[in-house]
Amino acid sequence: MGWVFYTDRRVKTYADEKAEIARLCTFETDTRKTLLLKACKVGSTWYAALRLTNIDGGPVEDRTYVTDADGSITFGAVFLTRYDEGCWGYKDMEESAGPVESRAPLSLLALLSELKDPDSYAHAWRQRCRDWAAIPAYDEGDKIKLAAPVTLTDGSTCQIVTATHYRRGEQKRRCYRIEETGVLVRLSKASLAGSELLGSAKSEASPVLAEFFAGNGS
């Protein structure tokens, strides 16, 4: 399915978007109906968990999903969104259609029905979401070794960095100090995948915490 834009510009805020996603995810036919269980926005993408049931109360039979104990199935959906000259638009797809965007939170994945095929697009999508969620969120002062050297815009590379921040006006923004040069750089969350904590700012601040982290493999 392609993009759909609302030229009447009725969708303007986060609340408007959430309400429209809920409306799009709630529908009923003569035989089936869906209920939105959860919707989350990450960046410009909405992720949704939809429960599908049969009107007659019988179990839902599906080639992709294992029917839950109550006879329903719950599947994931992805809504790409953007504004074009003030008009909000979306492009939706079901998780088994192979969406690229894969940052659905674990709390949403936990609502979804089991999959029948471990090699399905939906299975791969869920794993990418889990991999994204597993990327560490480092604290100020943490010393980090990236899984592989990252090439910067000037052609240089870095692999060992320390989490820090800089200020832009009143905003505090995360950046990283390169170990070898002291230069501050911005790194995407994806570049932290597979990274290793070399030294914790928390453990260095207190001998007691240092002992605790050492005992927990941190």
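The numbered points below go through a predicted model, from its sheets to its cores, cysteines and some single residues.

1. Two open sheets can be traced, and the one to begin with has 5 strands in the order E1-E5-E4-E3-E2, with antiparallel pairing. Its edges are strand E1, at residues 4-5, and strand E2, at residues 32-42, each of which pairs on one side only. Within this sheet, strand E3 (residues 45-54) and strand E4 (residues 73-84) run antiparallel and are joined over 8 bridges. A reader who wishes to find this pairing in the model can start at Arg 51, whose bridge partner in E4 is Thr 74.

2. The other open sheet also has 5 strands, here in the order E9-E8-E7-E6-E10, and its pairing is antiparallel. Strand E9 (184-185) and strand E10 (196-199) are the edge strands, each pairing on one side only. Strand E8, which covers residues 171-178, is joined to E9 by 2 bridges in the antiparallel sense, and Arg 177 has Leu 184 as its bridge partner in E9.

3. As to annotation, an unreviewed UniProt entry lists residues 116-190 under "domain: DUF6927". In the model, the span 116-190 is 17% helix and 41% strand, and its end C-alpha atoms lie 29 Å apart.

4. The largest nonpolar core has 20 residues, and those that touch the most other members are Ile 21, Cys 25, Ala 48, Leu 50, Phe 79 and Trp 88. The elements that give two or more residues to this core are E2, E3, E4 and strand E5, at residues 87-94. Apart from this core lies another, of 15 residues, including Ile 144, Val 150, Leu 152 and Cys 158. By way of background, nonpolar side chains tend to be buried together in soluble globular proteins.

5. Cys 25 deserves a closer look, and with a relative accessibility of 0% it counts as buried. Leaving aside neighbours within four places in sequence, Cys 25 is in contact with Thr 34, Leu 35, Leu 36, Ala 48, Leu 50 and Phe 79. One of these partners, Thr 34, lies in strand E2 and is itself buried, with a relative accessible area of 5%. A polar atom of the Thr 34 side chain lies 2.8 Å from the backbone oxygen of Cys 25. Beyond its neighbours within four places in sequence, Thr 34 has contacts with Cys 25, Thr 26, Phe 27, Arg 51 and Leu 52; Arg 51 is the residue that was paired with Thr 74 of E4 above.

6. Why is Cys 25 not in a bond with the closest cysteine sulfur? That sulfur belongs to Cys 40 and is 12 Å from the sulfur of Cys 25, which is too far for a bond, since a disulfide needs the two sulfur atoms within 2.5 Å. The structure as a whole holds 0 disulfides. Cys 175 is likewise in no disulfide, the nearest cysteine sulfur being that of Cys 158, 12 Å away. Cys 175 is buried, with a relative accessible area of 1%.

7. Two loop residues may be set side by side. Arg 63 lies in the loop between E3 and E4 and counts as exposed, at 83% relative accessibility. Arg 63 and Asp 117 are 54 residues apart in sequence, while their C-alpha atoms are 8.8 Å apart in space. Ala 104, by contrast, lies in the loop between E5 and helix H2 (106-109) and is buried, with a relative accessible area of 2%. Leaving aside neighbours within four places in sequence, Ala 104 is in contact with Tyr 47, Leu 109, Trp 125 and Cys 129. Ala 104 and Lys 145 are 41 residues apart in sequence, and 26 Å separate their C-alpha atoms.

8. A last point concerns backbone angles. Arg 9 is not a glycine, yet it has a positive phi of about 55 degrees; Arg 9 is placed in the loop between E1 and helix H1 (14-24) and counts as partly exposed, at 40% relative accessibility. Glu 85, another residue other than glycine, has a positive phi near 55 degrees. Glu 85 lies in the loop between E4 and E5 and, at 68% relative accessibility, counts as exposed.

Technical notes
Residues numbered from 1 in each chain as written. Predicted model: local features only at pLDDT ≥ 70, side-chain atom pairs only at ≥ 80, totals over all residues. Heavy atoms only, no water. Pairing = 2+ DSSP bridges. Helix = DSSP H or I, 4+ residues; strand = E, 2+ residues; numbered from the N terminus. UniProt positions renumbered as here; feature names shortened; annotations may be inferred. Core = buried A, V, L, I, M, F, W, Y, C linked by side-chain atoms within 4.5 Å. Buried < 20%, exposed > 50% of the residue type's maximum accessible area, 1.4 Å probe, protein only. Contact = heavy atoms within 4.5 Å. Polar contact = N/O pair within 3.5 Å; in protein donor to acceptor, adjacent residues only side chain to side chain.
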